[in-house]
Amino acid sequence: MTVIAILVGVGIISLTAIQNQAKKSRAREELETLKKAMLAYKSAVGELPPVGDMCSWCNPPCWTYTIDALVNPIGPNYSSGNDGWVSYSPPDGFVDQRTLGWSGPYLDKRIDTDPWGEYYLYDDNDISTCCGVASFIISKGPNKILDSGWIGYENPVCQGDDICIVVTNDDIW
């Protein structure tokens, strides 16, 4: 009986490790898909979504607005420069992005959360001069804790089990 219990325990541990590897692969694929969609949006509209400056970590409602901007021609408007720390709704309402050159949708389906059910974190510094030079997206990974951050204003660092991508170049950390 003891041998069977040990074998079952080892099997469960192995299965969990395999599932986490599959989720990490899926998160990397989703980050690549999001990056491509955001760069296509930028090519059409002139800046990363959403319209305006989001100079902070994007809280979950803001991430939802970012995805909205990629899939819906009527998107959020952050032109006043309010940031994601304090804004739970677009301060300037919504804008018909087609007037800005929007030619989406840029995603086949919404990607609101990572494989662990957490919202992706997004720092949009595309048109900003206050918060660094990189715009990036992060999954907090299996531990669901943000391990990454900045060294100074201009050097994003991916740490721990986080899975990160810089939207403005080809690096996945």
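These legends walk through several close-up views of the predicted model shown above.

The model is predicted, with local features needing pLDDT of at least 70 and side-chain atom pairs counting only at pLDDT 80 or more, while totals for chains, interfaces and linings use all residues. Residues are numbered from 1 along each chain as its sequence is written, and side-chain values use heavy atoms, with hydrogens and water left out.

**View 1. An open sheet of 3 strands, in the order β4-β5-β8**. Helices (H or I, at least four residues) and strands (E, at least two) are DSSP runs numbered from the N terminus, and two strands pair if DSSP finds at least two bridges between them. The pairing in this sheet is antiparallel. β4 (121-123) and β8 (163-166) are the edge strands; each has a single partner, so one side of each is left without a neighbour in the sheet. From one strand to the next, the twist averages 15°, taken between axes that are lines fitted to C-alpha atoms, with angles running from 0 to 180 degrees between N-to-C directions (for helices, the fit covers the stretch in contact).

**View 2. Strand β5 and its bridge partners**. On one side, 3 bridges join β4 to β5 (residues 136-139). Here you can find Y122 with its bridge partner I137, and D123 opposite F136. Joining β5 to β8 are 4 bridges, and in this pairing I138 stands opposite C164. In a regular strand, side chains alternate between the two faces of the sheet. In β5, F136 and I138 point one way, I137 and S139 point the other way, and all are buried. Buried stands for under 20% relative accessible area, exposed for over 50%, and partly exposed for values in between (1.4 Å probe, protein chains only).

**View 3. Two nonpolar cores, with β5 residues in each**. A nonpolar core is a set of buried Ala, Val, Leu, Ile, Met, Phe, Trp, Tyr and Cys residues joined through side-chain atoms within 4.5 Å. The largest has 25 residues, and those with the most contacts inside this core are L34, M38, Y41, W63, L70, Y120 and I137. Helix α1, helix α2 (60-71) and strand β8 each supply at least two of its residues, and α1 gives the largest share, 7 residues. A second, separate core of 7 residues includes F136, I138, C158 and V166.

**View 4. A cluster of rings: Y41, W102 and Y106**. A pair of aromatic rings is described by the distance of the centres and the angle of the planes. Rings of Phe, Tyr and Trp (its six-membered ring) pair if their centres lie within 6.5 Å; planes under 30 degrees apart count as stacked, over 60 as edge-to-face and the rest as tilted. The model has 2 aromatic pairs by this rule. Y41 and Y106 meet edge-to-face, at 5.7 Å centre to centre with 75° between the planes. Since Y41 lies in helix α1 (residues 2-45) and Y106 in the loop between β3 and β4, this pair ties together parts that are 65 residues apart in sequence. The W102 and Y106 rings are 5.6 Å apart at their centres with planes at 90°, so this pair is edge-to-face too. W102 is buried at 9% relative accessible area, and Y106 is buried at 15%; Y41 is buried as well.

**View 5. The loop between β3 and β4, around G101 and P105**. Look for the cis peptide bond between G104 and P105, with omega about 15°. G101, also in this loop, is partly exposed at 33% relative accessibility. The C-alpha atoms of G101 and V45 are separated by 5.1 Å, although these residues are 56 residues apart along the chain. Setting aside neighbours within four places in sequence, G101 is in contact (heavy atoms within 4.5 Å) with A44, V45 and Y106.

**View 6. Two lysines, K140 and K144, in the loop between β5 and β6**. K140 is buried, with a relative accessible area of 15%. Its side chain makes a polar contact with the side chain of E118 at 3.1 Å. Such a contact is a pair of N or O atoms within 3.5 Å; within protein, one must be able to donate a hydrogen and the other to accept it, and residues adjacent in sequence count only if both atoms are side-chain atoms. Not counting residues up to four places away in sequence, K140 touches D114, E118, L121, I145, L146, D161 and D162. K144 is partly exposed at 40% relative accessibility, and has a positive phi of about 60° although it is not a glycine.
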